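Thank you all for coming. I would like to take you through one model this morning, beginning in the middle of its sheet and working outwards to the helices.

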Amino acid sequence: MDFHDMQAICGLRTTQEVRDDLQAIPDCAGVYMIFGDTTELVDWAEFEDIEGRPRFRVGGTDLLYIGSSMNLRARIGCHVKDDSTVSTFRMSIGCLLIDNLDLEVFNHPTRATFHFGQGEARLTRWMCLNTAIAIWPCTHAGELEKALIKGLPAPLNIAERRDLSLIHI
């Protein structure tokens, strides 16, 4: 199976395509997976998944993150807009790319979160060039998300990881 076959099966769309046509994302419950070029993020040669799972790749990109939402359009919109305060995925990617993209961290004045100020646009540009999103509308999104996280190595699902050794900041 090649990348285009997997892309069709997964509904994989580049982050730029998602940003350009966010209305095409259904506003229903579902699960999404974010894939990306990890050459700037992860030293896979040193990574050993604690459950022994191999990295999950689609067309030369690695699975980075698995999420679920009661409203896919709204949640995915949070990940692709220039605002890390509403996306733990953006915060994680930004921290990993802080030197590469010359990002600066700014604390949110009223919430326990942060953003990258003017660097948000650079982070979004990087995401548009290096990440893609697969979307599955479904009614039992939370259950499916947990099963996928348990079965697949998603290094940026940090809350569910016991071993953070693959991420080098």
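Let me start with β2 and β4, which run antiparallel and are joined by seven bridges; strands count as paired here if DSSP finds at least two bridges between them. When I say helix or strand, I mean DSSP runs numbered from the N terminus, with H or I over at least four residues for helices and E over at least two for strands. Within this pairing, Phe-35 has Leu-63 of β4 as its bridge partner.

Before I go further, please keep in mind that this is a predicted model, in which local features need pLDDT of at least 70 and side-chain atom pairs count only at pLDDT 80 or more, while totals for chains, interfaces and linings use all residues. Residues are numbered from 1 along each chain as its sequence is written, and side-chain values use heavy atoms, with hydrogens and water left out.

On its other side, β2 is joined to β7 by seven bridges, and these two strands also run antiparallel. Here Met-33 stands opposite Ala-134 of β7, and Ile-34 is opposite Ile-133.

How many residues of β2 are buried? Seven of the seven are, so the strand is largely enclosed by the rest of the structure, where buried means under 20% relative accessible area, exposed over 50%, and partly exposed in between, with a 1.4 Å probe and protein chains only. The cover extends to both faces, since Gly-30, Tyr-32, Ile-34 and Gly-36 are buried on one side and Val-31, Met-33 and Phe-35 on the other. As for β7, five of its seven residues are buried, and the strand is mostly covered.

Stepping back to the whole sheet, we have an open arrangement of five strands in the order β1-β7-β2-β4-β3, with antiparallel pairing. At the edges stand β1 (13–14) and β3 (57–58), each with a single partner strand, so one side of each is left without a neighbour in the sheet. The partner of β1 is β7 (residues 131–137), joined to β1 by two bridges and running antiparallel to it. In that pair, Arg-13 has Ile-133 as its bridge partner, and Thr-14 stands opposite Ala-132.

Now to the helices. Helix α3 (residues 72–80) packs on the sheet, where it touches β2 (30–36), β4 (61–69) and β7, and its direction makes about 25° with that of β2; contact means heavy atoms within 4.5 Å. Helix α5 (residues 120–130) lies across β2 and β7, and runs at about 75° to β7. For these angles, axes are lines fitted to C-alpha atoms, for helices over the stretch in contact, and the angles run from 0 to 180 degrees between N-to-C directions.

What about the helices among themselves? α3 packs with helix α4 (residues 88–96) at an angle of about 20°, with the axes 7 Å apart, and the two are therefore roughly parallel to each other. That term covers angles under 35 degrees, while over 145 counts as roughly antiparallel, 65 to 115 as roughly perpendicular and the rest as oblique. The contact is made by Arg-75, Cys-78, His-79 and Val-80 of α3 together with Thr-88, Phe-89 and Arg-90 of α4.

By contrast, α4 and α5 pack at an angle of about 95°, with their axes 11 Å apart, and are therefore roughly perpendicular to each other. In this packing, Phe-89, Arg-90, Ile-93 and Gly-94 of α4 meet Glu-120, Leu-123, Thr-124, Trp-126 and Met-127 of α5.

One residue of α5 deserves a closer look, namely Thr-124. Thr-124 is buried, with a relative accessible area of 5%, and, leaving aside residues up to four places away in sequence, it touches Arg-19, Val-80, Lys-81, Asp-82 and Arg-90.

Finally, the chain as a whole. The protein chain has six helices and seven strands, which run from the N terminus on as α-β-α-β-β-β-α-α-β-β-α-β-α. Of its 169 residues, 47% are buried. Among contacts between residues at least 6 apart in sequence, 75% join residues at least 24 apart.
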